[in-house]
Amino acid sequence: MLAKKIWQVLSILAVVVIMITGTGSIKTMGTADADQELLGMLNDYRTQMGLNVLEGDEGLLELAIVRAGEVMESFSHTRPGPEGGTGCSLVLAEHPDAMVAGENLARRKTFKSDHAQAVFEGFISSPTHLANMVAPDYTRVGIYTLKGKDAVVTVMLFEG
């Protein structure tokens with residue numbers, strides 16, 4: 001348990017170091033706007049499918065920030081560190097009341113004004129990403145986009 005907490009603190013510090021050293025960049029209003037736009041698209045899509053809308057969740061947002069830093073370093077659903085696991089296992093460990101969890105990851109070379117639309121279209125064209133987006137058991141989501149020197153990553157963490 002202590003090793004897990006230490007790893008989480010180190011992951012958050014790594015994100016801060018990336019942001020400060022210039023290997024990453026601090027989230028700007030552009031990425032926050034894109035995340036909100038992506039949430040709107042997701043909920044519009046879910047509504048069209050007759051599903052509940054997902055509530056943006058601060059706790060999931062914090063975990064998405066951690067995952068964005070990890071994914072910026074190594075684009076993988078497997079988490080770095082001694083415990084490994086996935087974004088889903090992170091959500092379930094940090095939110096013990098959660099029954100189900102999912103993770104969608106996107107990576108692009110640059111951040112453009114169509115970022116939310118491009119990520120959304122990429123997700124709905126992938127069966128596994130789409131399955132997360134329309135899973136009826138999910139009730140909350142955290143979305144975070146991190147702009148780095150050589151890439152832009154977007155993380156969606158789902159919970160129900």
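Tyr 138 counts as buried in this predicted model, because its relative accessibility of 6% lies under the 20% that sets the limit for a buried residue. Phe 158 is likewise buried, with a relative accessible area of 0%. The two residues belong to one of the two aromatic pairs that the structure holds, and the other pair, which involves Tyr 45 and Phe 120, is taken up next.

Tyr 45 and Phe 120 form an edge-to-face pair, with 5.8 Å from centre to centre and 75 degrees between the planes. Tyr 45 lies in helix H2 (residues 29-48) and Phe 120 in helix H5 (residues 115-124), so the pair ties together parts of the chain that are 75 residues apart in sequence. Both partners fall into the buried class: Tyr 45 has a relative accessibility of 18%, and Phe 120 has a relative accessible area of 8%.

Tyr 138 and Phe 158, by contrast, form a stacked pair, for which the distance between centres is 5.2 Å and the angle between the planes is 20 degrees. This pair also links distant parts of the chain, since Tyr 138 sits in the loop between helix H6 (127-133) and strand S3 (140-147), whereas Phe 158 belongs to strand S4 (residues 152-159), 20 residues apart.

The geometry of the pairs is set out below.

| Pair | Arrangement | Centre to centre | Angle between planes |
|---|---|---|---|
| Tyr 45 and Phe 120 | edge-to-face | 5.8 Å | 75 degrees |
| Tyr 138 and Phe 158 | stacked | 5.2 Å | 20 degrees |

Helix H3 (residues 58-73) contains 16 residues, and its span of 23 Å from first to last C-alpha is close to the 22 Å expected at 1.5 Å a residue. At the N-terminal end of H3, Asp 57 acts as a cap, with a side-chain oxygen 3.0 Å from the backbone nitrogen of Gly 59. The buried residues of H3 include Leu 60, Leu 63, Val 66, Val 71 and Met 72, and among them are also Arg 67 and Glu 70.

Turning to the protein as a whole, there are six helices and four strands, which follow the pattern α-α-β-α-α-β-α-α-β-β along the sequence. Of the 160 residues, 44% are buried. Among contacts with a separation of 6 or more, 72% come from residues 24 or more positions apart. The accessible surface comes to about 8100 Å², and carbon and sulfur atoms account for 61% of that area.

Key
Residues numbered from 1 in each chain as written. Predicted model: local features only at pLDDT ≥ 70, side-chain atom pairs only at ≥ 80, totals over all residues. Heavy atoms only, no water. Phe/Tyr/Trp six-rings, centres within 6.5 Å; stacked < 30°, edge-to-face > 60°. Helix = DSSP H or I, 4+ residues; strand = E, 2+ residues; numbered from the N terminus. Buried < 20%, exposed > 50% of the residue type's maximum accessible area, 1.4 Å probe, protein only. Expected span 1.5 Å × (residues − 1). Polar contact = N/O pair within 3.5 Å; in protein donor to acceptor, adjacent residues only side chain to side chain. Contact = heavy atoms within 4.5 Å. Areas by Shrake-Rupley, 256 points an atom, 1.4 Å probe, with all protein chains shown as cover.
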